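Biologist: I would like to go through this model with you and ask why certain labels were given. Please show it first.

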Amino acid sequence: MYQVLEKAKLIWEANSELIDFCHIEGSLLSNNLTPTTTAGSLLVTKAEYRASKKTIPLIQAIKKHAHEARWLQTYSTSEVGKDFSNRHCYFELIGPKGHFYNDKIRAFICYWGKHLNYKWHSHEAEELYYVLGGQATFRTMTVEKVLKAGDTQFHKSWESHSMDTLEEPILAFILWRGNGLNKLAKIDE
Ligand code: ZN
């Protein structure tokens with residue numbers, strides 16, 4: 001998982017939006033998490049992602065080390081449906097319960113399969129999406145736009161947002177900061 005952290009840091013430290021949102025100082029201690037799988041996590045390595053020169057090294061590291069990750073799902077099947085549960089998963093790279101410990105921020109690697117609707121949801125922590133590969137339509141109450149590799153999207157505390165993946169899976173690097181860091185997102189619909 002160190003390789004994933006190193007490649008993520010390279011993107012982070014070269015992107016002013018990511019740095020301005022939050023940054024980490026010094027080295028991070030490993031939480032020595034035990035790997036887990038979910039239905040969707042097995043799809044992460046199989047997918048091909050339309051990426052950019054900057055994001056390819058991190059995508060390759062994620063695929064190579066996917067079997068070391070503690071893959072999780074945020075929602076129950078009754079909240080989001082079986083198809084979403086089967087084709088969405090994430091792991092916490094950095095954070096209180098992440099592969100590398102930090103109590104001020106969280107960094108996630110998230111995967112969604114193609115043609116999935118991520119319902120309107122919100123969370124107290126502020127959030128910055130950075131798309132690594134694939135494309136999706138992102139929505140807030142005021143903005144709707146298609147994001148691709150290298151694009152970012154900011155969400156304020158409790159700002160409701162939704163997403164539709166297009167004809168390809170999407171892989172994203174997501175940062176959280178501020179109050180509610182330890183809480184999960186909740187579905188608003
Ligand atoms: Zn969010």
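Biologist: Why is the sulfur of Cys-89 in no bond with the closest cysteine sulfur?

Modeller: The model is predicted, and in it the sulfur of Cys-89 lies 8.4 Å from that of Cys-110, the closest cysteine sulfur. A disulfide needs two cysteine sulfur atoms within 2.5 Å, so 8.4 Å is too far for a bond. Cys-110 is likewise in no disulfide. The structure holds zero disulfides.

Biologist: How do you know whether Cys-89 and Cys-110 count as buried or exposed?

Modeller: Buried means under 20% relative accessible area. Cys-89 has a relative accessibility of 0%, so Cys-89 counts as buried. Cys-110 has 6%, so Cys-110 counts as buried too.

Biologist: Which protein atoms are the donors of the zinc ion?

Modeller: His-123 and His-161 each give NE2, and Glu-127 is listed with OE twice. These atoms lie 2.1 to 2.6 Å from the zinc ion. A donor has to be within 2.8 Å, so these distances meet the cut-off. Along the sequence, the spacing of the donor residues is H-x3-E-x33-H. His-123 and Glu-127 are both buried.

Biologist: What makes the arrangement around the zinc ion irregular?

Modeller: The angles subtended by the four donor atoms run from 55 to 145°. Four donors count as tetrahedral if all angles lie between 85 and 135 degrees. Both 55 and 145° fall outside those limits, so the arrangement is not tetrahedral. Square planar needs opposite donors over 155 degrees apart, and 145° does not reach that, so the arrangement is called irregular.

Biologist: How many cavities are there, and what volume has the largest?

Modeller: There are two cavities of 30 Å³ or more. The largest has a volume of about 180 Å³. It is lined by 18 residues, and closest to its centre are Thr-74, Phe-108, Tyr-118, Glu-127 and Trp-176. Glu-127 is also among the residues that give donors to the zinc ion.

Biologist: Which elements give two or more residues to the lining of the largest cavity?

Modeller: They are strand 1 (88–94), strand 2 (105–112), strand 3 (117–122), strand 4 (126–133) and strand 9 (170–177). Strand 2 gives the most, with four residues. By class, this lining has 11 nonpolar, four polar and three charged residues.

Biologist: Which residues line the second largest cavity?

Modeller: Its lining consists of Gln-73, Thr-74, Tyr-75, Val-80, Phe-84, Ser-85 and His-88. The space in this cavity is about 30 Å³. Three of its lining residues are nonpolar, four are polar and none is charged.

Biologist: What lines the largest pocket?

Modeller: Among its lining residues are Leu-33, Arg-70, Tyr-90, Phe-91, Glu-92, Lys-97, His-99 and Asn-182. The pocket holds about 180 Å³ of space. Strand 1 gives the most to this lining, with three residues. The classes here are five nonpolar, three polar and four charged.

Biologist: Why is Glu-92 called buried?

Modeller: The relative accessible area of Glu-92 is 4%. The cut-off for buried is under 20%, so Glu-92 falls in that class. Glu-92 belongs to strand 1 and is one of the residues lining the largest pocket.

Biologist: How many residues apart in sequence are Glu-92 and Ser-41?

Modeller: Glu-92 and Ser-41 are 51 residues apart in sequence, with 13 Å between them in space, C-alpha to C-alpha.

Definitions and conventions. Residues are numbered from 1 along each chain as its sequence is written. This is a predicted model: local features need pLDDT of at least 70, side-chain atom pairs count only at pLDDT 80 or more; totals for chains, interfaces and linings use all residues. Side-chain values use heavy atoms; hydrogens and water are left out. Buried means under 20% relative accessible area, exposed over 50%, partly exposed in between (1.4 Å probe, protein chains only). Donors are N, O and S atoms within 2.8 Å of the metal (3.2 Å for Na, K and Ca); water is not among the atoms, so sites may look incomplete. Four donors count as tetrahedral if all angles lie between 85 and 135 degrees; four count as square planar and six as octahedral if opposite donors are over 155 degrees apart and all others between 65 and 115; anything else is irregular. On a 1 Å grid over the protein atoms alone, a cavity is a set of points where a 1.4 Å probe fits but cannot get out, and a pocket is an open set with protein on both sides within 12 Å along at least five of seven lines; lining residues have an atom within 4 Å of a point. Grid points are joined across faces, edges and corners, and a volume is the space filled by probe spheres set on the points. Ala, Val, Leu, Ile, Met, Phe, Trp, Tyr, Cys and Pro count as nonpolar, Asp, Glu, Lys and Arg as charged, and the others, Gly among them, as polar.
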